[in-house]
Amino acid sequence: MPADPLQSAGSPPRRTAGLPPRGPVTSAVEVRRSARRSRTVSAYREGDRTIVLIPARMSEAEEQRWVTVMLDKLAAQESKRMLGDAELTERAERLSEQYFEGRARPASVRWVTNQNTRWGSCTPAEGSIRLSHRLQGMPEYVVDYVLCHELAHLLVPGHGPRFWQLLDAYPRTERARGYLEGVVAADRLPHLPAARGE
């Protein structure tokens, strides 16, 4: 089904979906069904709510799937507003407070363009964290996961049980790991040859 993530319509509210919010916006999700809408799904932010517009004929399972897809699309669009290194540092400090009781204290956090085989890296002795520029434009919960991963390395250098126990504090760990695994898998897919005239 095609989806236009920024289209809006004045359909009456149906219900609030019971899904966790994405990114920094801690909004409720309201699903609105429309008989006039036959194929498109769209979503937009309205104050502290996220409105998802779907065709009336959709099943509950399709609704849940599309709500998740549209929340991810909105988060990715919002994340495209490029975070500079200063904002990245502030974000890392906030995540440290939220998930590590402020114990992970990076000396520097910055974007780098020379990491093409990993999403982030950390040098605990220097307190430096570097994130791959490839993360820019991905949903914020994915960027937050990578930041949390590197923050955890400031406390536990390796990937032993203590490290993973620390990282379990971040509630979207499995979802973010799945997203990144999907990106890696998609990069390995054979690309279709260009159509004639391209």
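**Group meeting talk: helices, salt bridges and a charged patch**

Okay, so to start with the overall picture: of the 198 residues in this chain, 45% are buried. Keep in mind that this is a predicted model. For the layout, we have five helices and seven strands. If you walk along the sequence, the order is β-β-β-β-α-α-β-β-β-α-α-α.

Let me go to the helices, and I'll take helix 3 before the others. That's residues 140-155, so 16 residues, and at 1.5 Å a residue the expected span is 22 Å. The C-alpha atoms at its ends sit 23 Å apart, which agrees with that. How many of its residues are buried? It's 15 of the 16, so mostly covered.

Now, salt bridges. The count for this chain comes to seven. I'll go through some of them.

One is D72 with R175, where the closest N and O atoms are 3.0 Å apart. D72 is in helix 1, residues 60-79, and R175 is in helix 5, residues 173-188, so this pair ties together parts that are 103 residues apart in sequence. And the two ends have their own settings: D72 counts as buried, at 15% relative accessibility, while R175 is at 30% and counts as partly exposed. If you're wondering about the 15%, the cut-off for buried is under 20% relative accessible area.

Then there's R91 with D144, and here the N to O distance is 2.6 Å. R91 belongs to helix 2 and D144 to helix 3, so this bridge ties together parts 53 residues apart in sequence. Are these two residues buried or exposed? R91 has a relative accessible area of 8%, so it's buried, and D144 is buried with a value of 8%. Remember that D144 sits in helix 3, the helix I described as mostly covered.

There's also a network: E30, R32 and R49 are linked by salt bridges.

And one more pair, E101 with R103, with the closest N and O atoms 3.8 Å apart. E101 is exposed, at 67% relative accessibility, and R103 is partly exposed, at 46%.

Stay on E101 for a second, since there's something in the backbone you may want to look at. Where is E101? It's in the loop between helix 2 and strand 5, the strand being 108-112. Its phi is near 55°, a positive value in a residue other than glycine. For context, most residues other than glycine have a negative phi.

Okay, back into helix 2, which covers residues 85-100. On the surface there's a patch of negative charge, and the residues that gather in it are D85, E87, E90, E93 and E97. You can look at the spacing in those numbers with the helix geometry in mind. An α-helix has 3.6 residues a turn, so residues three or four places apart point the same way.

Take E87 out of that patch. E87 is found in helix 2, and with a relative accessible area of 39% it's partly exposed. Which residue is 22 residues from E87 in sequence but 9.2 Å away in space? That's V109, and the distance is C-alpha to C-alpha.

Helix 2 has another side to the story, with S96. This residue is in helix 2 as well, but S96 counts as buried, at 2% relative accessibility. S96 and L147 are 51 residues apart in sequence, and their C-alpha atoms are 9.2 Å apart. So within helix 2 you can click on E87, partly exposed at 39%, and then on S96, buried at 2%.

Last stop, helix 1. M70 is placed there, and its relative accessible area is 0%, so M70 is buried. Going by C-alpha atoms, M70 and L53 are separated by 9.7 Å, and they're 17 residues apart along the chain. D72, from the bridge to R175, is in helix 1 too.

So, to wrap up, if you open the model, here are some places to click. Look at the D72 and R175 bridge, from helix 1 to helix 5. Look at R91 and D144, from helix 2 to helix 3. Then go to the negative patch, with E87 as one of its members, and finish at E101 with its positive phi. That's what I've got, thanks.

Conventions
Residues are numbered from 1 along each chain as its sequence is written. This is a predicted model: local features need pLDDT of at least 70, side-chain atom pairs count only at pLDDT 80 or more; totals for chains, interfaces and linings use all residues. Side-chain values use heavy atoms; hydrogens and water are left out. Patches are made of residues with over 30% relative accessible area and no salt bridge: like charges are joined within 9 Å, nonpolar side chains (Val, Leu, Ile, Met, Phe, Trp, Tyr) within 5 Å. Accessible areas come from the Shrake-Rupley method with a 1.4 Å probe; for residues, only the protein chains shown count as cover. A salt bridge is a side-chain nitrogen of Lys or Arg within 4 Å of a carboxyl oxygen of Asp or Glu. Lys and Arg count as positive and Asp and Glu as negative; His and the chain ends are not counted. The place of a charge is taken as NZ of Lys, CZ of Arg, CG of Asp or CD of Glu. Helices (H or I, at least four residues) and strands (E, at least two) are DSSP runs, numbered from the N terminus. Buried means under 20% relative accessible area, exposed over 50%, partly exposed in between (1.4 Å probe, protein chains only). The expected span of a helix is 1.5 Å times one less than its number of residues.
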